[in-house]
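User: Hey, I've got this model open and I'm a bit lost. Can we go through it together?
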Amino acid sequence: MKKNWWKILCAAFLVYVVIAGFLSDVPHLPILHETIRNQYFHVCMWFAMITLFTTSLVFSIRYLSTQKLEHDIIASEAANTGIFFGMLGLITGSIWARFTWGAWWTNDVKLNGAAITMLTYLAYIVLRNAITDEQKRGKVSAVYNIFAYVMMLVFILIYPRMSDSLHPGNGGNPGFSKYDLDNTMRMVFYPAFIGWTLLGVWIMTIRIRIQKIKMQTEL
């Protein structure tokens, strides 16, 4: 039980987020209206994705310095789980765009950057599957992972702030902190961020265990 406390916390936070996310009070704002509740899902899923990609980057760098296979496995599964949350972010973001901007997809720099980021990391999976040699796969994919992470930072966090974007906090638009003046959403947003991130870590650890079992079975 002591080892699984964070899993219990994850489940509790996500149950709270789903209930409070749909039933709690939110600021009544033009254009956004009730869709602002998607901040508990879309935004926090993206934060979980970035956390997982950062974990993947760290273990890719560690693999290049140690050549330990375990580090390569962690880097790979962190990236795979991050892609899953990135896809969820794209889906929830597309739904949000439909009800606020009137279209499932718009020519927004951050939307296009998110799509490019997902394609970049999907190419990471293709690259790993194309190399059979264990050590060569680890080295090549680790170097590519560093490149993919830099691209993610550029297309999602840096470039949208330097150009016109419909997203809050980008292109001169005010961030959500300006909308939530009475801090009512923070009581749900922070548990949502922690909950979705812990869920990502949970999925990642399961995938890592599966890969280790496969390796032992093959040996």
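User: Let's start with G113. Which helix is it in?
Analyst: G113 lies in helix 4. Keep in mind that this is a predicted model.

User: Is G113 buried or exposed?
Analyst: Buried, because its relative accessible area is 0% and the cut-off for buried is under 20%.

User: What is G113 in contact with, if I skip its neighbours within four places in sequence?
Analyst: With those left aside, G113 is in contact with F155 and I156. You can also look at L153, which is 40 residues apart from G113 along the chain. The C-alpha atoms of G113 and L153 are separated by 9.6 Å.

User: OK, and V126? Where does that one lie?
Analyst: V126 lies in helix 4 too. This one is exposed, with a relative accessible area of 55%. The cut-off for exposed is over 50%, so V126 at 55% makes it.

User: How many residues apart are V126 and S141 along the chain?
Analyst: They're 15 residues apart, and their C-alpha atoms are separated by 9.9 Å.

User: Let's stay with helix 4. At what angle does it pack with helix 3?
Analyst: At about 145 degrees, with the axes 10 Å apart. Helix 3 covers residues 69-100 and helix 4 covers residues 109-130. Their crossing is left-handed.

User: Which residues of the two helices make the contact?
Analyst: From helix 3 they include D72, A75, S76 and A79, and from helix 4 they include A114, M118, Y121 and R128. The residues of that contact divide into 11 nonpolar, three polar and two charged.

User: How come you give me both an angle and a distance for a pair of helices?
Analyst: Because two packed helices are described by the angle between their axes and the distance between the axes.

User: Cool, then do helix 2 and helix 3 for me. What are the angle and the distance there?
Analyst: Helix 2 and helix 3 pack at about 160 degrees, and their axes are 7 Å apart. That makes the two helices roughly antiparallel, because angles over 145 degrees count that way. The crossing is left-handed. As for the contact of helix 2 with helix 3, its residues divide into 19 nonpolar, 12 polar and two charged.

User: Can you pick out a residue in helix 2 for me?
Analyst: Sure, try S60, which is found in helix 2, residues 42-66. S60 counts as buried, at 2% relative accessibility. Leaving aside the neighbours within four places in sequence, S60 is in contact with A75, A142 and N145. You've met A75 already: it's one of the helix 3 residues in the contact with helix 4.

User: What's in the loop between helix 2 and helix 3?
Analyst: Q67 has its place there. Q67 is partly exposed, with a relative accessible area of 32%.

User: What's the phi of Q67 like?
Analyst: It's positive, at about 65 degrees, although Q67 is not a glycine.

User: Why would anyone point that out?
Analyst: Because most residues other than glycine have a negative phi.

User: Got it. New topic: how do helix 1 and helix 7 cross?
Analyst: Their axes come within 8 Å and cross at roughly 135 degrees. Helix 1 is residues 5-23 and helix 7 is residues 186-218. The two are therefore oblique to each other, and the crossing is left-handed.

User: Who's making the contact there?
Analyst: Among them are W6, F13 and Y16 of helix 1, and W196, L199 and W202 of helix 7. The residues of this contact divide into 18 nonpolar, three polar and one charged.

User: What about R209, where is it found?
Analyst: In helix 7. R209 is partly exposed, with a relative accessible area of 49%. R209 and E77 are 132 residues apart along the chain, and their C-alpha atoms are separated by 10.0 Å.

User: Last one, zooming out: how many helices and strands does the chain have?
Analyst: Seven helices and zero strands. Buried residues make up 44% of the 219 residues. The chain exposes about 12000 Å², and carbon and sulfur atoms supply 68% of it. For contacts between residues at least 6 apart in sequence, 73% join residues at least 24 apart.

Terms used
Residues are numbered from 1 along each chain as its sequence is written. This is a predicted model: local features need pLDDT of at least 70, side-chain atom pairs count only at pLDDT 80 or more; totals for chains, interfaces and linings use all residues. Side-chain values use heavy atoms; hydrogens and water are left out. Helices (H or I, at least four residues) and strands (E, at least two) are DSSP runs, numbered from the N terminus. Buried means under 20% relative accessible area, exposed over 50%, partly exposed in between (1.4 Å probe, protein chains only). Contact means heavy atoms within 4.5 Å. Accessible areas come from the Shrake-Rupley method with a 1.4 Å probe; for residues, only the protein chains shown count as cover. Axes are lines fitted to C-alpha atoms, for helices over the stretch in contact, and angles run from 0 to 180 degrees between N-to-C directions. Angles under 35 degrees count as roughly parallel, over 145 as roughly antiparallel, 65 to 115 as roughly perpendicular and the rest as oblique. A crossing is left-handed if the near helix is turned anticlockwise from the far one by less than a right angle, and right-handed if clockwise. Ala, Val, Leu, Ile, Met, Phe, Trp, Tyr, Cys and Pro count as nonpolar, Asp, Glu, Lys and Arg as charged, and the others, Gly among them, as polar.
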